[in-house]
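Student: I'd like a close look at one part of this model, please, with the pieces around it tied together. Take your time and walk me through it.

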Amino acid sequence: MAQLILMPGKERSAMKRHPWLFAGSVGRLEGRARPGDTVEVLSDNLKPLGRAAYSPSSQIRARFWTFDADESVDDAFFKRRIAQAVARRQALPELRGQQGLRLIHAESDGLPGVVADQYGDTVVVQLTSAGADKWRNAIVQGLLKATGCARIYERSDSDVRGLEGLEPTVGWLHGAPAEGERPGLVIDEYGVKLAVDVVGGHKTGFYLDQRDNRAWLRSVAADKDILNCFCYTAGFSLQALAGGARSVLSIDSSGPALAQAQANLALNPQLPAERAEWQEADVFQALRDFRKAGRSFDLIVLDPPKFAPSAAHADRAARAYKDINLLGFRLLRPGGLLMTYSCSGGIGLELFQKIVAGAALDAGRSARIVRRLSGTADHPVALNFPEGEYLKGLLVQVD
Ligand code: SAH
């Protein structure tokens, strides 16, 4: 095994068990290693620090698989780590029995670059690092063993693969359906049925991280006029209808997402379809148009896509968050509620709160945070990996 030797003084982050080694902290590679190969990591005075996946084209030059310098990284390693991740979720009552569940949350489950989501009997994996890509087969075997699932589909088409020198890869890894056939996956989320398109949908098909927030919306929706911005396949909208909303207007710029959203409503004949309105539009424009038309709402959900994938995009992203939040505040009736989110890694909670505060100020609204909204327990944040906390949300009540 090749050895990756750090620059003097650069072992501190590894000692704190942070899983990333940046290019600037790496001194030299002794021996040969191809992308994704496991290397032994040592401090400059040759103290062993653990074993990591080497990624020569990435700024994150290596990602630790283990901080135990004697632990082998082999098929059994992946079986163990995957079984642990699945068991961790089974130990939490709120996650037991969920049909849609994140099984592996990458670094926070000790598996850098590996995401796996389960929808019923199908698991979708996304591999975003050179190391994860290398161990594809072991990961598939580990998932089969830990879950007994019928099918595994790979959705490794995220842009971040490019940073690791990897091409996009999608396709069935296990239990492929017959040619041309797509498995009709439907999950039940707190009493609402949602179809998940693992092949054509966003990311791995669905945004499981908002499950609890959707359920919370249901609990306050009664008799409210609700605006759901960036609705995707209507997860929030359907819970709002289930909670007795007077009306739910849902906006997304994606035609296919809206088509799926409406199909999802049809899967739930118990819900009052006549209270739902759909609009294919750019949220930035639509909110301005509502203002001109004098429309207002009791509750607004703002769950935009990642405006800042990294800190380098933070400035432009901050302006976009400010803009939609300002427009949102202007459309709220007295006493109204704003559920506002950022899923940008490049925007921390403190900054997000400042942006929302600035938006309220500019909109001339006095408002207070009444609850902090975060991701679900199947998207844990490892204490040694604060970067895992990508989803930040605030529930804000205006006067
Ligand atoms: N709230 C959703 C997830 C939102 S994902 C849920 O609970 O499932 C973000 C969505 O924003 C995507 O569906 C994407 O199509 C949409 N989107 C991105 N930019 C947009 C824009 N400018 N205007 C409207 N929708 C947009």
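Tutor: Happy to! Helices and strands here are DSSP runs numbered from the N terminus, a helix (H or I) having at least four residues and a strand (E) at least two. Keep in mind that the model is a predicted one. As a quick example of the naming, P48 belongs to strand β5, which covers residues 48-54. P48 counts as partly exposed because its relative accessible area is 46%, a value between the 20% and 50% cut-offs. Its contacts, leaving aside neighbours within four places in sequence, are V41, L42 and A69.

Now for the part I'd like to show you closely: helix α9 and its surroundings. Helix α9 takes in residues 314-331. With 18 residues at 1.5 Å a residue, a span of 26 Å is expected, and the end C-alpha atoms are indeed 26 Å apart, so the two agree. Its buried residues include A314, A317, I324, L327 and L331.

The loop between β17 (297-302) and α9 contains K306. Not counting residues up to four places away in sequence, K306 touches Y321, C343 and S344. Y321 is also one of the buried residues of α9.

Next comes the partner helix. Two packed helices are described by the angle between their axes and the distance between the axes. For α9 and α10 the angle is about 45 degrees and the axes lie 8 Å apart. The two helices are therefore oblique to each other, and α9 passes α10 in a right-handed crossing. On the α9 side, the contact is made by A318, Y321, K322, N325, L326, F329 and R330; on the α10 side, the residues include F352, I355, V356 and A359.

Helix α10 leads us on to the sheet. There, 7 strands form an open sheet with mixed pairing, in the order β16-β15-β14-β17-β18-β20-β19. The edges are β16 (276-280) and β19 (367-373); each has a single partner strand, so one side of each is left without a neighbour in the sheet. From one strand to the next, the twist averages 15 degrees. At one of those edges, β19 pairs with β20 (residues 392-398) in the antiparallel sense over 6 bridges, and I369 stands opposite V396 in β20. Helix α10 (residues 349-363) packs on this sheet, touching β18 (332-342), β19 and β20, and its direction makes about 30 degrees with that of β20.

So the picture links up: α9 packs with α10, and α10 packs on the sheet.

Methods:
Residues numbered from 1 in each chain as written. Predicted model: local features only at pLDDT ≥ 70, side-chain atom pairs only at ≥ 80, totals over all residues. Heavy atoms only, no water. Expected span 1.5 Å × (residues − 1). Buried < 20%, exposed > 50% of the residue type's maximum accessible area, 1.4 Å probe, protein only. Pairing = 2+ DSSP bridges. Axes fitted to C-alpha atoms, helices over the stretch in contact; angles between N-to-C directions. Contact = heavy atoms within 4.5 Å. Parallel < 35°, antiparallel > 145°, perpendicular 65-115°, else oblique. Left-handed = near helix turned anticlockwise from the far one by under 90°.
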